[in-house]
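The following exercises ask the reader to work through a structure one contact at a time. Each task is followed by a solution that goes step by step.

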Amino acid sequence: MDTSDLFASCRKGDVGRVRYLLEQRDVEVNVRDKWDSTPLYYACLCGHEELVLYLLANGARCEANTFDGERCLYGALSDPIRRALRDYKQVTASCRRRDYYDDFLQRLLEQGIHSDVVFVVHGKPFRAHRCVLGVRSAYFAGMLDTKWKGKNIVVLRHPLINPVAFGALLQYLYTVASKPGTCVKVLTIEPPPADPRLREDMALLADCALPPELRGDLGELPFPCPDGFNSCPDVCFRVEGCSFLCHKAFFCGRSDYFRALLDDHFRENEELEASGGLPAITLHGISPDVFTHVLYYIYSDHTELPPEAAYDVLSVADMYLLPGLKRLCGRSLAQLLDEDSVVGVWRVAKLFRLARLEDQCTEYMAKVIEKLVEREDFVEAVREEAAAVAARQETDSIPLVDDIRFHVASTVQTYSAIEEAQQRLRALEDLLVSIGLDC
């Protein structure tokens, strides 16, 4: 539904609708239709300059000398659109999200938020984080625990280590991507891990942060972590008597809630942890098990989230301003959909603004509508949706009903499917008539 709506809106030039579909419904901006065309192509072809500029600013691909780029350029209806395409600077769709993981790590490196070590390479300073360097490189882990231990400033004067190469090395360790043409063979370190290892390495920081009583299958991993790695925590979160030894850089960089809690307004809640003199913050209204999911998401952008835990994690993710974790919860809750749960999950999706999950729910409702119309929870949901339409007139539509109708119609591909769709729609219309909401 949303994808076809996006293509139609781009052909019409409806910027408001496209904005809603990309930002609220989480539709992929570079999706392709059966003719291998993208939303940007249709916007260019139909001459909608404002829409073209919006799509480019929100991640639409149009690089020069590529199929998409050349197609949009030659298909553009006006010269202003062609100029906009030529001046295009790529912004990936993922980077639009403030919580996007790679973007966070890049900012962590560039801004040096809560850095705890400075490398001075031939006079040029580089702010870094011991926890990141140690978990990403055995060489740095060893040096930070021996020769550089306790040093806040490390001066490197070796002739083979120059500032450009050292900066490229840090870029790699933080983001697994160094600038083309730069050399990172400046220190004797083990071969860097492949791309998927970045999140796995960062998850080790979450392993180290776990209190011993919650490590479970991880076994006996006394803090510091194994192999001589010290993650150098700088804040302790207390959750129902459990102490999580964490890093401000990750929590402040990933969540505005924790940034305010740790940096701005709530110093009065801080106390010294008896062990190590760390500042300690007590968190209320959350269990250690739920906070563990938050912990792994903040460090690695992922957590193994069973559906039965998703409800509790979702409410906390909303409170802690972690939209990416909310989306993970939505994917987990989608696994619960059946006739008994779909209405409840749909209500949760609306409450927490999970547009994709809401659409999955209405799609499922369309498949089982003949059974749902006999359920009181569904009838009550329809009534509430109708009541939510301000000053509703008899001809006004009901959003929930409209979505179900769309999904019923979208399944029609054969003659037999037409009859089945008509039966579903009749069941829905009969319900509306019976409760006085014929529309």
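A residue is called buried when its relative accessible area is under 20%, exposed when that area is over 50%, and partly exposed in between. By this rule Phe244 is buried, and Phe291 is buried as well. The model used throughout is a predicted one.

**Exercise 1. The chain as a whole**

Task: Describe the secondary structure, the burial and the contacts of the protein chain.

Solution: Begin with the secondary structure of the protein chain, which comes to 22 helices and seven strands. Turn next to burial, where 48% of the 439 residues in the chain are found to be buried. For the contacts, consider those between residues at least 6 apart in sequence, of which 63% join residues at least 24 apart. Finally, the surface that the chain exposes is about 22,000 Å², and carbon and sulfur atoms supply 51% of that area.

**Exercise 2. Aromatic pairs**

Task: Classify the geometry of the ring pairs Phe119–Phe166 and Phe244–Phe291, and state where in the chain each partner lies.

Solution: The structure holds 22 aromatic pairs. Among them, Phe119 and Phe166 have ring centres 5.3 Å apart and planes at 50 degrees, and the pair is therefore tilted, since planes under 30 degrees apart count as stacked and those over 60 as edge-to-face. Phe119 belongs to strand β1 (residues 117-121) and Phe166 to helix α10 (residues 163-175), so this pair ties together parts that are 47 residues apart in sequence. Both Phe119 and Phe166 are buried.

For Phe244 and Phe291 the centres are 4.8 Å apart and the planes stand at 70 degrees, which makes the pair edge-to-face. This pair links distant parts of the chain, with Phe244 in strand β5 (residues 242-246) and Phe291 in helix α14 (residues 288-300), 47 residues apart. As a last step, place the pair in its setting: ring pairs link Phe244 and Phe291 into a cluster whose members also include Tyr101, Phe104, Phe237 and Tyr320.

**Exercise 3. Charges over rings and a charged network**

Task: Which rings have the charged end of an arginine, Arg11 or Arg254, sitting over them?

Solution: The charged end of Arg11 sits over the ring of Tyr42, at 5.2 Å from the ring centre. The charged end of Arg254 sits over the ring of Phe104, here at 5.7 Å from the centre. Arg254 has a further role in the description, because a network of salt bridges, defined by a side-chain nitrogen within 4 Å of a carboxyl oxygen, links it with Arg199 and Asp301.

**Exercise 4. Salt bridges and their exposure**

Task: For the salt bridges of Lys326, Lys371 and Glu420, give the partner, the separation of the closest N and O atoms, and what is known of burial.

Solution: Side chains of opposite charge can pair when their charged atoms come close. The count for this structure comes to 17 salt bridges. In one of them Lys326 is joined to Asp318, with the closest N and O atoms 3.0 Å apart; Lys326 counts as buried at 13% relative accessibility, whereas Asp318, at 34%, counts as partly exposed.

Lys371 forms a salt bridge with Glu339, and here the closest N and O atoms are 3.3 Å apart. Because Lys371 lies in helix α19 (residues 369-372) and Glu339 in the loop between α16 (323-333) and α17 (342-351), the pair ties together parts that are 32 residues apart in sequence. Glu339 is partly exposed, its relative accessible area being 27%.

Glu420 is bridged to Arg424, with 2.7 Å between the closest N and O atoms. Both residues lie in helix α22 (residues 415-434), four residues apart, which is about one turn of the helix. Glu420 is partly exposed at a relative accessible area of 40%, while Arg424 is buried at 10%.

**Exercise 5. Two helices and their cover**

Task: Which elements cover or pack against the buried residues of α1 and α16?

Solution: In helix α1 (residues 2-12) the buried residues are Asp2, Asp5, Leu6, Phe7, Ser9 and Cys10. Their cover includes α2 (15-23), α3 (39-45), α4 (49-57) and α18. Just after α1, Gly13 takes a positive phi of about 80 degrees.

In α16, eight of the eleven residues are buried, so this helix is largely enclosed by the rest of the structure. Its buried residues pack against α14, α15 (307-319), α17 and α18.

Methods
Residues are numbered from 1 along each chain as its sequence is written. Side-chain values use heavy atoms; hydrogens and water are left out. Rings of Phe, Tyr and Trp (its six-membered ring) pair if their centres lie within 6.5 Å; planes under 30 degrees apart count as stacked, over 60 as edge-to-face and the rest as tilted. Helices (H or I, at least four residues) and strands (E, at least two) are DSSP runs, numbered from the N terminus. Buried means under 20% relative accessible area, exposed over 50%, partly exposed in between (1.4 Å probe, protein chains only). A charge sits over a ring if NZ of Lys or CZ of Arg is within 6 Å of the ring centre and within 35 degrees of the ring normal. Contact means heavy atoms within 4.5 Å. Accessible areas come from the Shrake-Rupley method with a 1.4 Å probe; for residues, only the protein chains shown count as cover.
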